[in-house]
Amino acid sequence: MPTSSESQSSATGLEVRPFRALTYRRRDPDHLARVSSPAYDLVTPAGRDRLADADPHNIVRLILPRCAAGEDPAGDGPARTAAAMLADWQATGVLDRDGEHALWLYELQPADGTAATIGWLGAVALPGAGSAAVLPHEDTYPPAVEGRRALLAATATDLEPIVLAHDPEPTVAELTAVARRGVPTLELTDADGVDHRLWRVTEPALLSRLTAAFRRTGAVIADGHHRFAAARANAHAEPARAGSDAVLALVTPMGPGGLRVDPIHRVLPDLSLDTATDAAGQGFRVTELPLERADQDGALTAVRQWLATPDESGFLVTDGRRLLRLSDPSDAIRAAVPPEAPPAWRRLDVVLAHHGLLTGLWHRGDDPESIVIAHTAEDAVRSAVDRSGVALLLRAPSPADVAAVARAGARMPRKSTLFVPKPRTGLVLRPLAD
């Protein structure tokens, strides 16, 4: 990873460009809360319907579009629908295009009073081959990349940002403090109680110093691997489109003022707990944990206690009525992890679970039908019950673990990390053409 040395070449550092944003014309907090959305991959089908019903101009209609009647939902119909809707919203004045280039300072203050996360929204240049400016840490799922690429190509607009965690840089921190002194341009409180505040910054001298400081840093992708891969694919499409050499990104610091990592869990549909336990017992010690109540609430209470205990290890498996702990993996399980991989990667719980348990003992393919991703313990347990399966609860890696994997050139299994808090989708869009 690049350092913040003044002598570092900008070729290996972040190029963060000001851009002319597209934003909602109405900027009162209640309206912005009603028309914005969580990131597309956090929205369930039912959640998508609730957001779309909340307002005819909710951004979810663009990021998760539905095709017209009679069209194949697996084709490019949804992307064409989103492009037509986006054009209509601009033509009718729902969305406004800025006349000036700007970077946007973005502060996220969680409701629990923990330290705010703060970063900068900008058009980050897509690095060339061999560059260490932006390092991924997770694998991607090709159909998901293609879906995002088709949407980007049809709309010619970055509809939501990826998130990058950059090396600490004193000048960036200094200029961030300066920019926060003014009145926010946009602000709202989301359904989880997170306060979102954004400042539109156009002062040339400040932007010049800020972009120069970013060129002295490198970054790890915290969120948005599929959108990053989609942007790269779109950039190589013929004919080349102006502005496709960059991607909208929220650039946050690694460490204080940055993001924290929450776990992402797995659900295996149509798998009984007894069958799962019998197979897991071939490579792990299996211990049944007591529950105060033999139901979803009892299982969730015990899961939350386990996740909140720092010195716990292993994995939890539940069907919503019983709860088991898998620990002490055998030598054969550890040998299932590719030995040529770097140490930072091999020691991760999610890697051991993926290679030793999900693939090795449960024989599940790494696809959305075989393994369902759940972003919270509540969703995991509920989904396991609804789909007659089991939930696999994992502990989160640390931000340092994630950075070490990225710097080693390795990739975690897809959907290994959940960096939080998340920027709100729909507040600032980036048309590719400047």
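Reader: How many cavities of 30 Å³ or more does a search of the whole structure find?

Author: The model is predicted, and the search finds seven cavities of that volume or more.

Reader: What makes the largest of them a cavity and not a pocket?

Author: A cavity is a set of points where a 1.4 Å probe fits but cannot get out, whereas a pocket is an open set. The largest cavity holds about 150 Å³ of space.

Reader: Which residues line the largest cavity, and which elements each supply at least two of them?

Author: The lining consists of R148, L151, L152, T157, D158, L159, E160, R227, A230, A231 and V247. Helix α5 (142–155), strand β7 (157–158) and helix α8 (225–235) each give at least two residues to this lining.

Reader: How do you know which class each lining residue of the largest cavity belongs to?

Author: Leu, Ala and Val count as nonpolar, and Asp, Glu and Arg as charged, so R148, D158, E160 and R227 fall in the charged class. Thr is not on either list and therefore counts as polar, which places T157 there. The totals are six nonpolar, one polar and four charged.

Reader: What lies around the second largest cavity?

Author: The second largest cavity has about 120 Å³ of space. It is lined by 16 residues, and D41, D223, G224, H225 and K415 are the closest to its centre. Strand β11 (219–223) and helix α8 each supply at least two lining residues, with α8 giving the largest share, three residues. By class, this lining has five nonpolar, five polar and six charged residues.

Reader: Why is the pair of F284 and F315 called edge-to-face?

Author: Ring centres must lie within 6.5 Å to pair, and planes over 60 degrees apart count as edge-to-face. For F284 and F315 the centres are 5.8 Å apart and the planes make 65 degrees, so both conditions are met. The search of the whole structure finds one aromatic pair.

Reader: What does the pair tie together?

Author: F284 is in the loop between α9 (273–280) and β15 (285–289), while F315 is in strand β16 (residues 315–318), so the pair links parts 31 residues apart in sequence.

Reader: At what angle do helices α10 and α14 pack, and which residues make the contact?

Author: Helix α10 (residues 296–307) and helix α14 (residues 377–386) pack at about 145 degrees, with axes 10 Å apart. Their crossing is right-handed. Q296, L300, V303, R304 and L307 of α10 meet A377, E378, V381, R382 and V385 of α14. This contact has six nonpolar, one polar and three charged residues.

Notes:
Residues numbered from 1 in each chain as written. Predicted model: local features only at pLDDT ≥ 70, side-chain atom pairs only at ≥ 80, totals over all residues. Heavy atoms only, no water. Axes fitted to C-alpha atoms, helices over the stretch in contact; angles between N-to-C directions. Helix = DSSP H or I, 4+ residues; strand = E, 2+ residues; numbered from the N terminus. Left-handed = near helix turned anticlockwise from the far one by under 90°. Contact = heavy atoms within 4.5 Å. 1 Å grid on protein atoms, 1.4 Å probe; cavity = no way out; pocket = protein on both sides within 12 Å on 5 of 7 lines; lining within 4 Å. Points joined across faces, edges and corners; volume = space filled by probe spheres on them. Phe/Tyr/Trp six-rings, centres within 6.5 Å; stacked < 30°, edge-to-face > 60°.
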